[in-house]
Amino acid sequence: MKDIHYAGRAIRTTDGAADAVIRYAAVLGGNGKTDTIDVPTFDDEGRPVVETLLLGPASLITVGPATDDDRDAGVDDAGFIEQVRRLAVLAGPVRPVHEDPDLQAEGLDDFD
């Protein structure tokens, strides 16, 4: 489980869902676009709920490991993850720099 830190609070979701959301946010930001996305998450009692996030170039979100988590990690989020990946493709050609090994390596020859 991971937490998406958004609007001053932690939103608990699966690893795959959190990773898909932050990658989609990076693609939207790189293309100067915004979108809303309904993220499957859990409330404070561990019940499944949906949180709607506004993502775009000015989004300030982070993703980190959830601590002290006793929620069900066996949630089926494959449909959500696939949907977010399709949305990222539709949003534009920009991929986060960390996903392009050629861009990662540029300028690091003299780095010690």
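**Close-up 1. The exposed side of helix 2 carries G79, R85, V89 and L90.** In this predicted model, these four residues are exposed. Turn to the other side of the helix and you meet F80, I81, V84, A88 and A91, which are buried. Seen down the axis of helix 2, the buried residues fall within an arc of 95 degrees, so they line one face of the helix. That buried set packs against helix 1 and strand 3.

**Close-up 2. Helix 2 from end to end, residues 78-91.** Here is a quick check you can follow by eye: at 1.5 Å a residue, the 14 residues of this helix should span 20 Å, and its end C-alpha atoms are 20 Å apart, which agrees. Just after the helix comes G92, with a positive phi of about 145 degrees.

**Close-up 3. Strands 3 and 4 form a hairpin.** Strand 3 (residues 35-42) and strand 4 (residues 48-55) run antiparallel and are joined by eight bridges. Look for F42, which stands opposite P48 of strand 4. Five residues lie between the two strands, and in this hairpin G46 takes a positive phi near 90 degrees.

**Close-up 4. T14 in the loop between strand 2 and helix 1.** Strand 2 covers 9-13 and helix 1 covers 15-30, with T14 in the loop between them. Is this loop residue buried or exposed? T14 counts as buried because its relative accessibility is 7%, below the 20% cut-off. Leaving aside neighbours within four places in sequence, T14 is in contact with M1, K2, V75 and D77.

Technical notes: Residues numbered from 1 in each chain as written. Predicted model: local features only at pLDDT ≥ 70, side-chain atom pairs only at ≥ 80, totals over all residues. Heavy atoms only, no water. Pairing = 2+ DSSP bridges. Buried < 20%, exposed > 50% of the residue type's maximum accessible area, 1.4 Å probe, protein only. Contact = heavy atoms within 4.5 Å. Expected span 1.5 Å × (residues − 1). Arc of directions from axis to C-beta.
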